[in-house]
Amino acid sequence: MSAKNCDKHNRFRDRKIGFQVSSEEDHQINIVIELSGMTKQDYIVSKLLDRTIYVQGNCKIHRAVYDKLNEVLVELQRIESGETVCDELMSNIELIAGIVDNLYVKTSV
């Protein structure tokens, strides 16, 4: 038998909520979750409850950002020949830029 699924406040999660998304939405959701460093469940619950998502920079996050930036670079090189930029690519670029900006905010001591 598996262990109980509890949140960080030790509340037992015994309710299930399901919904459908398109493959494009699933891809974008997975990108955001990978860049947040959270589990899919925690990320979706936080967003549904309108909580602020704080990304803590670590090696895993830096690697995910690096990989996504490489994917964006490949897409930008593809469209350099005059093809149009799709809305999803622009959305991903804006998301990555926002995360990178906040990862390297220097705090005064």
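**A buried serine at the end of helix 1**

With a relative accessibility of 7%, S36 counts as buried, because the threshold for burial is under 20% relative accessible area. The model examined here is predicted. S36 belongs to helix 1, which covers residues 23-36. Its side chain takes part in two polar contacts with the backbone: one reaches the oxygen of I33 at 2.8 Å, and the other reaches the nitrogen of M38 at 3.1 Å. When residues up to four places away in sequence are not counted, S36 touches Y43, I53, V55 and I61.

The geometry of helix 1 was examined next. Its 14 residues, at 1.5 Å a residue, should span 20 Å, and the C-alpha atoms at its ends are 20 Å apart, so expectation and model agree. The buried residues of this helix are I31, V32, I33, L35 and S36. Thus I33, whose backbone oxygen is reached by the side chain of S36, is itself among the buried residues of helix 1. Just after the helix, G37 adopts a positive phi of about 80°.

At the level of the whole protein, four helices and zero strands are present, and the order along the sequence is α-α-α-α. Of the 109 residues, 17% count as buried. The protein exposes about 9000 Å², of which carbon and sulfur atoms supply 53%. Among contacts between residues at least 6 apart in sequence, 54% join residues at least 24 apart.

In soluble globular proteins, nonpolar side chains tend to be buried together. In the present model, the largest nonpolar core comprises ten residues, namely I31, L35, I61, A64, V65, V72, I79, L89, I96 and I99. At least two residues of this core come from each of helix 1, helix 3 (59-79) and helix 4 (87-103). The greatest contribution is that of helix 3, with five residues.

Individual contacts illustrate how these elements meet. V72, a member of the core, touches L89, I93 and I96, not counting residues up to four places away in sequence. Of these partners, L89 and I96 are also listed in the core. I61, another core residue, is one of the residues touched by S36. The buried serine of helix 1 is therefore in contact with a member of the largest nonpolar core, while its side chain also reaches backbone atoms of I33 and M38.

Key: Residues numbered from 1 in each chain as written. Predicted model: local features only at pLDDT ≥ 70, side-chain atom pairs only at ≥ 80, totals over all residues. Heavy atoms only, no water. Buried < 20%, exposed > 50% of the residue type's maximum accessible area, 1.4 Å probe, protein only. Polar contact = N/O pair within 3.5 Å; in protein donor to acceptor, adjacent residues only side chain to side chain. Contact = heavy atoms within 4.5 Å. Areas by Shrake-Rupley, 256 points an atom, 1.4 Å probe, with all protein chains shown as cover. Core = buried A, V, L, I, M, F, W, Y, C linked by side-chain atoms within 4.5 Å. Expected span 1.5 Å × (residues − 1).
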